[in-house]
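Hi everyone, thanks for coming along. I'd like to walk you through one structure today, so let me put it up on the screen and then we can tour it together.

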Amino acid sequence: MTQTKSSVTLVDNQSGKKYELPVLSGAIGPQVIDVRKLYTDSGYFTYDPGYTSTGACKSKITYIDGDEGVLLHRGYAIEDLAEHSDFMEVAYLILKGELPNKAEKAKFERDVTLHTMLHEQINRFFSGFRRDAHPMAVMCGVVGALSAFYHDSLDISDPHQRMIASYRLIAKMPTIAAMAYKYSIGQPFMYPRNDLGYAENFLQMTFGVPCEPYKPNPVLSKAMDKIFILHADHEQNASTSTVRLAGSSGANPFACIAAGIATLWGPAHGGANEAVLKMLAEIGSKDRIPEFIKRVKDKNEGVRLMGFGHRVYKNYDPRAKVMSATCKAVLGELGVSDPLLEIAVELERIALQDEYFVSKKLYPNVDFYSGIILKAMGFPVAMFTALFALARTVGWIAQWNEMIEDPEQKIGRPRQLYTGASKRPFVAIEKRA
Ligand code: CMC
């Protein structure tokens, strides 16, 4: 981040005073107005609910150009990573800043793999939940509880402990997500198998059973790995910002990631993949699409086309392009024909030609097709967001590490525009109307 020679002058029309605000420039992307001294100099706060114009931190991890539909991790295009890389390599890249060489990759995989097992006592947490608990409810609880077990990786001022916590989280999330699923269907938990790859092992823990050897399906493993890559990080979205905010107070990494999971759960964020499938099922058939679109366009109905629209992308979400192609390939390989896919393809076609969506620049996002693939792979709808959380963990923890190492980091503490009552005298209860 460099300070440019340019600045922005803010003129207070009431007092006539002028304030010079420095302009900062990143590597690429819009310049930012540095308002850090605005309050001390002028007495004004900025007002930006939803942070639509606010850069809350500087970051080297992920870059999005929403107008062009570009997503880069550490400078590498998501399409290239999805095509040529694998999730462990992308995790290394996001966490450490560079693609690993062969030896670095092998060591990283080994180091992460050594942490796949959970403390045996954590298994008992699961039996405290109802069998029909939502997997995200279970994930929030169990991931938060990791801080009660791994006391040797809670000191956030120690880089080694931060690294161990990061590896633990990346390694244990598949185990926890798979256990949440197994518990919901009443099957025994499967221990991780360290001879399998990251995605393969997750599928083994989810779909394997102790009474039969698990045979990985390479098509499914590859698709799972790609889905993980597509969800690995996404700049300062709601859950990542939550992780950073929680971490800014000095909270431990397991607690911070649990906070991220809670935020991801909402239907406007990661919960959208689940919502898309429910929406497609509700529409039911292609001939009912126009009627549904009419409802979406009627503000009084309060219906949204789930899997469409994005705060940053005003163009096709590049992840959605890869996801749509993967979806068609996986269904083809599996020989599955899903009527929901036909509805989704037709819905997308109609929406992309409709003036409402065109004028508002609403395009399919990553969640539009992911649910259809996950369903074809055998995941129940309730697991979709848990898979998103599993994959996003590397992004969350990389952003958390970056924040801790940033010398400009302060506790996150936004201010407000107070609209409540001014100071008034206390009224005794017998005198209240
Ligand atoms: N269907 C219908 N109208 C929409 C949609 C949609 N999916 N998304 C936005 N709009 C309209 C909205 O009504 C508003 O119209 P107007 O200007 O007339 O009031 C306009 O587009 C701008 O919408 P907004 O809600 O102000 O935009 P936002 O940036 O605050 O919200 C969003 C972004 C993703 C929450 C929203 O587009 C949405 O709710 N999409 C559906 C949920 C979804 O798919 N979420 C997944 C996001 S990608 C994965 C992730 O990040 O987790």
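Let's begin with a charge and a ring: the charged end of R131 sits over the ring of Y183, at 4.1 Å from the ring centre. Before I go further, please keep in mind that this is a predicted model.

Staying with rings, how many aromatic pairs does a search of the whole structure find? The search comes back with 18 of them. One is formed by F308 and F357, with 5.9 Å from centre to centre and 70° between the planes, which makes this pair edge-to-face. Where do the two partners sit? F308 is in the loop between α13 (289-297) and α14 (318-334), while F357 belongs to helix α16 (residues 355-359), so the pair ties together parts that are 49 residues apart in sequence. Both partners are covered: F308 has a relative accessible area of 10%, which is under the 20% cut-off, and therefore counts as buried. F357 is buried too, at 2% relative accessibility.

Here is another pair for you, F368 with Y369. Their ring centres are 5.1 Å apart and the planes are at 90°, so this pair is edge-to-face. F368 and Y369 are both buried. And if you like clusters, ring pairs link F87, Y181, Y198, F202, F207, F228 and F379 into one.

Now to the ligand. Which residues come closest to the ligand? Of the 22 residues that surround the ligand, the closest are H269, L305, G307, R311 and K360. Sorted by class, the shell holds 11 nonpolar, six polar and five charged residues.

Let me pick out some polar contacts. On the backbone side, an N or O atom of A268 lies 3.0 Å from a nitrogen atom of the ligand. On the side-chain side, R311 places an N or O atom 2.7 Å from an oxygen atom of the ligand. N365 joins in as well, with a polar side-chain atom 2.9 Å from a ligand oxygen. As for coverage, the ligand taken alone exposes 940 Å², and the protein buries 74% of that.

N365 deserves another minute, I think. This residue is found in the loop between α16 and α17 (367-377). Is N365 buried or exposed? With a relative accessible area of 8%, N365 is buried. Besides the ligand contact, the N365 side chain reaches the backbone oxygen of G309 at 2.9 Å. The N365 side chain also reaches the backbone nitrogen of D367, again at 2.9 Å. So when you zoom in on N365, look for the ligand oxygen, the G309 backbone oxygen and the D367 backbone nitrogen.

Next, a look at backbone angles. Y51 has a phi near 50°, a positive value in a residue other than glycine. You'll find Y51 in the loop between α1 (38-42) and β4 (62-65). With a relative accessible area of 52%, Y51 is exposed; the cut-off for that is over 50%. E235 also has a positive phi, near 60°, and is likewise not a glycine. E235 lies in the loop between α9 (218-231) and α10 (238-248), and at 25% relative accessibility it counts as partly exposed.

To finish, some distances between residues that are separated in sequence. L280 sits in helix α12 (residues 272-283) and is buried, with a relative accessible area of 0%. How far apart are the C-alpha atoms of L280 and L341? They are separated by 8.6 Å, with their positions 61 residues apart along the chain. A386, in helix α18 (residues 384-405), is buried as well, at 0% relative accessible area. From A386 to A180 the C-alpha distance is 9.1 Å, and those two are 206 residues apart in sequence.

E120 gives us one more distance. E120 lies in the loop between α4 (102-113) and α5 (123-126), and at 46% relative accessibility E120 counts as partly exposed. E120 and V394 are 274 residues apart along the chain, and their C-alpha atoms are separated by 24 Å.

That's my tour. Thanks for listening, and I'm happy to rotate the view to anything you'd like to see again.

Methods: Residues are numbered from 1 along each chain as its sequence is written. This is a predicted model: local features need pLDDT of at least 70, side-chain atom pairs count only at pLDDT 80 or more; totals for chains, interfaces and linings use all residues. Side-chain values use heavy atoms; hydrogens and water are left out. Rings of Phe, Tyr and Trp (its six-membered ring) pair if their centres lie within 6.5 Å; planes under 30 degrees apart count as stacked, over 60 as edge-to-face and the rest as tilted. Helices (H or I, at least four residues) and strands (E, at least two) are DSSP runs, numbered from the N terminus. Buried means under 20% relative accessible area, exposed over 50%, partly exposed in between (1.4 Å probe, protein chains only). A charge sits over a ring if NZ of Lys or CZ of Arg is within 6 Å of the ring centre and within 35 degrees of the ring normal. A residue is near a molecule or strand if one of its heavy atoms lies within 4 Å of it. A polar contact is a pair of N or O atoms within 3.5 Å; within protein, one must be able to donate a hydrogen and the other to accept it, and residues adjacent in sequence count only if both atoms are side-chain atoms. Accessible areas come from the Shrake-Rupley method with a 1.4 Å probe; for residues, only the protein chains shown count as cover. Ala, Val, Leu, Ile, Met, Phe, Trp, Tyr, Cys and Pro count as nonpolar, Asp, Glu, Lys and Arg as charged, and the others, Gly among them, as polar.
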